Amino acid sequence: MSDEPLVSLENTEVHFEEESGLFDFSEPDVVRAVDGVSLDIGEQDVVALVGESGCGKTTLGKTAIGLQRPTGGSVTYRGQDIWDAKDNNGDVDIPYDDIRRSLQIIHQDPGSSLNPNRRVLGTLEAPLKKWQPDMSSGDRREEIVRMLEAVGMTPATDYAGRYPHQLSGGEQQRVALIRALLMDPDLILADEAISALDVSLRVDMMDLMLELQQQFNTSFVFVSHDLSNARYLASHAGGRIGVMYLGELIEIGPPEQIINDPQHPYTKVLRWATPDLRSTDKAEEPPVRKIDIPDPKNPPSGCRFHTRCPEAREACKADSPASYDQESGHRVRCFRADDDHDYWSSQPVTDDEPSAHASDATSD
Amino acid sequence: MSTHETTVTDGRSHSVSDPILEIRNAEVVFEMDRGVSRVLDNVSLDIQRGEILGIVGESGSGKSMLASSTLDAVVEPGVLSGSVTYYPEEGDPVDVLELSDSELRQLRWEEIAMVFQGAMSSFNPTMKIRDHFEETLEAHNYSLSEGMSRAHELLSDLYLDSERVLDSYPHELSGGMQQRTLIALSVILEPNVLVMDEPTAALDLLMQRSIISLLEELKEKYDLTMMFITHDLPLVAELADRLAVMYAFELIEQGTTEEMLQNAGHPYTRALLNSTPNLDAPLEEMRPIPGSAPDPVAVPDGCSYHPRCPLATDQCVATDPPSEPVTESHLIDCHHWEESIESIPLNHQKEATTRTTDEERNPMDHQNQMEGER
């Protein structure tokens, strides 16, 4: 990793306003998809973002590659603010087109991210035509065949002539991966890129991504709801795992630390939620007080996890925890990381209903 | 455990002493332009009263077809043959495939209920949840007041705020809430059997695991028999008493969860166990299964797994292996199951042993040879 990060997010916020009716003059609902996240992504770095659906991991990923404009904070690419470049604001060192090309995405569903009426060759030629207009069509084909072979799709000329429906899910996802790589990007956002694949093919796809990451010196932001896949990818690449909850990055650090020594109670919950073949014990009660996520339009005060957290105390209701640095780049947003915090002297939070069966919904 | 006297030749296991459902030689075929597509191939299976049976298979292995078959719900133009027998607690056995439409309507939901994947498409988006419950109760001539108080209880058993959920439209609930509501709706008529087809797919792991632990409670409280169909072996392993694995539209192995995890005999089951990323397993040892599942129109001759199998021999190409009873409860459809247990180590069994991975890679070389022969 060089000194200057490839992409740097500083105190980034993405708030979505829910549209209200024409004559509805009340305050619109605001969904805080990403709130106060700071994150540096280096060269050849891998960051795996995990969390439940609606926690903002995809929005954060899209913000990092300049597909989503932040409503607060900044996103910079090699020191250049991405949205200043887009708006031609101030001195633009790196033109927006270059930034756009350098930051690519692979979507979750390969079937719908490929044009069904285009052969593989046509799909893969398009980005080359746009970004390298001087390339001859022979060279283009050669390059595409070379890439198809690199991802194990042989005979490559046969695959180049196929339509997406003639490919399996894993092959479709490989084509999407090649399409992103042909841009020679610095960073690829893989948004649940393996979730749609069969279990037995996932490791294969991750291996391929790791191999190409080495070969092309690309960084990856890997969005997943599955901690074991995130660990596989981040460990192999020497990257980090970031855990998100209701728009906040609550813990980030080296994979083995996140898995074996999670600091945030929510990370421990995710650890519990990951099935393990070694223990065939019957499923225990979930280590949360409520199993449903609160409404992101109206997130809880203080630490957002306090409504479900088994360790919550009164102090958690009042203030949002700062980010506490642990060793080797491990950061956590929980008062329990601070031995001197008032948390330790405040009362545990008790639920009004002893059963705790009522879900989040009653509280609004 | 008391056992039947019958010999194990028809794919049933001895350990099922009191079956609630008995599936024999179930077969589903679709006539297609490209040829006949056999999407369920001679499946025989018993479901023990009061057990949780996990059916595991990858996409396109025929597992959903098996679920539809148990309720004679295979969609046109698919043709189902074989037999499905339901044994009620009292009274005569019911031949499910011979029932009239009205009898079938009664059997479904009142005796055997089903939960499908994707709750949103199971609800009517224009009706409140309460109306779904009331309509179901009325259609089956159940008492509304009794039924609705049961609905309240079921919903709170599933950690839902029953009053609020009943007053909501389906889209107002989160995915996890919808799926739990659907489970409550499916057991509102007090069925004996609950068949669930990927009931937790498309949900977060946390919600999946929570639902798994709730299902366990539900099963105890309402005395249910459950058939849980999924692609996720580790998930169902925690819940199920027995596991059955499907590959290429056939059942290839079944046994108690313990037997299947510790002593799986079919190379496919072992490969499936090893391909699952695991938080504790050493990283180098997770390995994908080479090759891909066969086309239903052209399933390979002999053992359908032979083109992908590291242990395949001429025998596997020539003859489809019969179900071999290894123990009373453990059936394996493989000619070489003993060799398989010996030569394919299971990642999750190795604790701190450090082994060279080269030795394990060896069986994979056969794979390439087999590919060459095809």
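Student: In this predicted model, is A:Cys303 buried or exposed?

Tutor: A residue counts as buried under 20% relative accessible area. For A:Cys303 the relative accessible area is 12%. The value falls under that cut-off, so A:Cys303 is buried.

Student: Which cysteine sulfur is nearest to that of A:Cys303, and how many disulfides does the structure hold?

Tutor: A disulfide is a covalent bond between the sulfur atoms of two cysteines. Over all chains, the structure holds zero disulfides. A:Cys303 is thus in none, and the nearest cysteine sulfur is 5.9 Å away, in A:Cys316.

Student: Why is B:Cys309 not bonded to the closest cysteine sulfur?

Tutor: A disulfide needs two cysteine sulfur atoms within 2.5 Å. The closest cysteine sulfur to that of B:Cys309 belongs to B:Cys334. That is too far for a bond, because the distance is 6.1 Å.

Student: Is B:Cys309 buried or exposed?

Tutor: The cut-off for buried is again under 20% relative accessible area. B:Cys309 has 7% relative accessibility, so B:Cys309 counts as buried.

Student: What radius of gyration does chain A have, set against that of a compact globule?

Tutor: Chain A has 364 residues, and a compact globule with that number would have a radius of gyration near 21 Å. The value for chain A agrees with this: 22 Å.

Student: What share of the residues of chain A count as buried?

Tutor: Chain A has 13 helices and twelve strands. Its accessible surface comes to about 15900 Å². Of the 364 residues, the share that count as buried is 54%.

Conventions: Residues numbered from 1 in each chain as written. Chains lettered and ligands numbered in written order. Predicted model: local features only at pLDDT ≥ 70, side-chain atom pairs only at ≥ 80, totals over all residues. Heavy atoms only, no water. Helix = DSSP H or I, 4+ residues; strand = E, 2+ residues; numbered from the N terminus. Rg over C-alpha atoms; globule rule 2.2 N^0.38 Å. Buried < 20%, exposed > 50% of the residue type's maximum accessible area, 1.4 Å probe, protein only. Areas by Shrake-Rupley, 256 points an atom, 1.4 Å probe, with all protein chains shown as cover.
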